[in-house]
Amino acid sequence: MGVKKIAALIVGIGCVWPRPSLVEAHLSPPTPRTQLLWLHYDGTQFRLIRSQLDSDATSSYTPSPSSSGTFRLALESEDGRVLFVSHFDDPRLIHVDRVTEEGDIHGEALLLPETIVPLRVPYVEEATRLRISGGNIPTGVLPLEAPIEALDATGALPPYTTQTIIRTGPSCNRLDIVFLGDGYRATEMEKFDRDVRAFADHLLKTPPYAAYRYAINIHKVNVISRDSGIDRPSLGLYRDTALDMTFDFEGVPNAVYAPVESEYKIYRAAALVPDADLIIVLVNERDLGGSSGPLKNISVVTTHALGPELLVHELGHSLAFLADEDDGPLAPPLREPMKVNVTLERTREGLRRVGKWDYWIEDAQSPSESRTRVGLFEGGLGASYGVFRPAPTCKMRTLGQPFCPVCAEQHVRRFYFYIRPIDAVSPPPIAPLSVHETTADTLVFRVIPLEPSPGRLHIAWFVDGLPLEHHESSLSLPTATLSPGQHTVTVVVTDRTPFVRWDPSGLLSSRVSWTLTR
Ligand SMILES: [Zn+2]
Ligand SMILES: [Zn+2]
């Protein structure tokens with residue numbers, strides 16, 4: 001009976017715990033509280049619009065903060081101690097993709113005149129100010145106001161209805177994608193619904209998303225516009241739409257985006273789904289257009305027939321931080337790019353030095369004879385010479401092609417910024433279990449893995465640090481085997497997906513420990 005009592009409660013990992021501070025000690029990697037800093041940037045200075053405690057500590061917080069980028073961000077205490085440092089690139093930078101009839105991508109970088117961006121940093125109670133330097137602008141020191149718990153980060157919420165299209169599990173351990181519509185009138189909400197389902201369906205059929213579809217929730221916000229379609233300045237067409245999306249943004253042909261006031265509207269509408277990790281703006285237009293901001297979690301795409309495929313590519317920028325692998329007339333960058341799928345290096349040794357895909361290159365006579373076909377192929381970042389990509393083809397180069405192994409791997413690593421391989425455990429590991437309190441002969445421990453790709457998760461059990469020859473999801477431990485004193489039972493669940501060969505931060509593994517006293 002005692003066992004039943006203990007095992008009755010299944011507790012979701014990363015979800016709301018009864019006593020969070022105790023539980024976090026049992027989780028690896030630890031999940032510190034995070035906050036969102038909403039910054040406005042116009043090319044000359046940063047302003048802090050709002051700081052907001054994050055309700056979903058497991059979402060896009062980066063465990064190892066970026067060590068390079070145009071700007072340096074530091075959280076400082078009142079007496080000037082540096083409590084946290086991270087780097088980030090110019091948030092005004094967005095990718096604009098043009099697509100040829102053959103599906104070839106031609107990416108272009110567009111610098112927005114001004115922008116807002118939510119940056120996620122750890123919540124440090126002592127921090128009283130934010131210092132931002134770099135990028136040839138004067139160093140800005142911004143006082144940090146007390147974080148505001150409310151999800152309403154950017155003003156009053158509009159009265160749109162929301163709907164969850166696909167729910168696979170609790171948002172605290174899922175990648176939550178929200179679709180917003182622009183250029184859909186009230187009478188077109190059924191079309192919006194059909195469009196969202198078609199785009200989501202294509203996304204979830206595409207590797208590596210397909211292998212992780214049970215780790216993804218899909219939501220939509222029924223954003224209603226007065227007019228159908230969006231502005232087409234080059235054709236002299238102007239429409240009144242809820243999110244003010246326009247073609248030819250900033251005079252760039254086909255660029256579909258919107259001014260900073262719209263970014264406020266986008267974040268406000270997306271805040272109606274507070275668990276959203278990624279925002280997709282679906283634009284009700286037949287011509288093809290797509291763009292994405294890697295720092296913003298926003299991707300924009302039109303409802304052209306190639307739109308669903310272009311969306312997967314855009315998420316390659318905004319979710320997986322990938323570069324375009326396109327040829328073109330641009331000069332190679334002067335320094336090694338940060339993106340994992342392009343390099344200036346010309347040898348395998350060079351790749352190893354910069355921490356890129358040498359471990360995907362197989363020892364065949366030529367890349368065409370290897371299974372992965374990964375090697376060094378010239379052309380990428382819009383430069384036909386001097387920049388190298390991992391494979392002949394990839395969705396970051398041509399629509400309709402699968403992602404190359406390096407880009408697919410990066411996607412899966414990014415999924416694991418939002419999810420963990422353990423969905424839930426029982427009993428709750430929040431307080432030491434006393435063997436005396438149970439009359440049962442056996443203690444039962446259970447783990448419910450987040451099963452994105454069935455059979456690929458590896459379960460390992462340890463008692464007092466010693467591995468057991470047991471790999472099932474539940475462990476029965478006879479109490480008689482425990483000597484008097486304190487013991488620990490640990491379960492480690494690891495995703496052994498073939499998509500990932502290198503996981504330096506251990507993202508694909510998670511662990512829970514129970515403490516027992518007898
Ligand atoms: Zn692109
Ligand atoms: Zn690729």
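This report walks through two zinc sites, some helix packing and a few backbone oddities in a predicted model.

## Ground rules

Since this is a predicted model, local features need pLDDT of at least 70 and side-chain atom pairs count only at pLDDT 80 or more, while totals for chains, interfaces and linings use all residues. Residues are numbered from 1 along each chain as its sequence is written, chains are lettered from A and ligands numbered from 1 in the order in which they are written, and side-chain values use heavy atoms, with hydrogens and water left out.

## The chain overall

The protein chain has seven helices and 26 strands. Helices here are DSSP runs (H or I, at least four residues), strands are runs of E (at least two), and both are numbered from the N terminus.

Of the 518 residues, 54% are buried. Buried means under 20% relative accessible area, exposed means over 50%, and partly exposed is in between, using a 1.4 Å probe on protein chains only. Take the contacts (heavy atoms within 4.5 Å) between residues at least 6 apart in sequence: 67% of them join residues at least 24 apart.

## Zinc ion, ligand 1

Which residues hold this zinc ion (ligand 1)? Its protein donors come from Asp97, His313, His317 and Asp324, at 2.0 to 2.8 Å. Each histidine gives its NE2 atom, whereas Asp97 and Asp324 are each listed twice through OD atoms. Donors are N, O and S atoms within 2.8 Å of the metal (3.2 Å for Na, K and Ca), and water is not among the atoms, so sites may look incomplete. Along the sequence, the donor residues are spaced D-x215-H-x3-H-x6-D.

The angles among the six donor atoms run from 51 to 165°, and the site is irregular. For reference, four donors are tetrahedral if all angles lie between 85 and 135 degrees; four are square planar and six octahedral if opposite donors are over 155 degrees apart and all others between 65 and 115; anything else is irregular. His313 sits in helix α5 (residues 307-318) and Asp324 in the loop between α5 and α6 (348-353), so this pair ties together parts eleven residues apart in sequence. His313 is buried at 0% relative accessible area, and Asp324 is buried too, at 4%.

## Zinc ion, ligand 2

Right after Asp324 in the numbering comes Glu325, also in the loop between α5 and α6. Glu325 is buried, with 0% relative accessibility. Together with the SG atoms of Cys394, Cys404 and Cys407, an OE atom of Glu325 coordinates the zinc ion (ligand 2) at 2.0 to 2.3 Å. The site is tetrahedral, with angles of 94 to 126° among its four donor atoms.

How are these donors spaced along the chain? The pattern is E-x68-C-x9-C-x2-C. Glu325 and Cys394 are 69 residues apart along the chain, yet their C-alpha atoms are separated by 7.6 Å. Beyond its fellow donors, Glu325 touches other residues including Asn341, Arg389, Met396 and Arg397. Cys404 is buried at 2% relative accessibility, and Cys407 is buried at 0%.

## Helices around the sites

Cys407 belongs to helix α7, which spans residues 405-415 and has eleven of its eleven residues buried. Those buried residues pack against β12 (175-182) and α5.

Helix α5 also meets α3 (residues 189-205): the two pack at about 55°, with axes 9 Å apart. That makes α3 oblique to α5. Axes are lines fitted to C-alpha atoms over the stretch in contact, with angles from 0 to 180 degrees between N-to-C directions; under 35 degrees is roughly parallel, over 145 roughly antiparallel, 65 to 115 roughly perpendicular, and the rest oblique. On the α3 side, Phe199, His202 and Leu203 make the contacts, and their partners in α5 include Leu311, Val312 and Leu315.

## Backbone oddities

Two peptide bonds to look at are cis: Pro207 to Pro208, with omega near 0°, and Ser426 to Pro427, with omega near -5°. Pro208 lies in the loop between α3 and β13 (216-221), and Pro427 in the loop between β19 (422-426) and β20 (433-434).

Asn136 is not a glycine but has a positive phi of about 60°; Asn136 is exposed, at 83% relative accessible area. Glu250, again not a glycine, has a positive phi of about 55° and is partly exposed at 46%.

Technical notes
Lists of a residue's contacts leave out its neighbours within four places in sequence.
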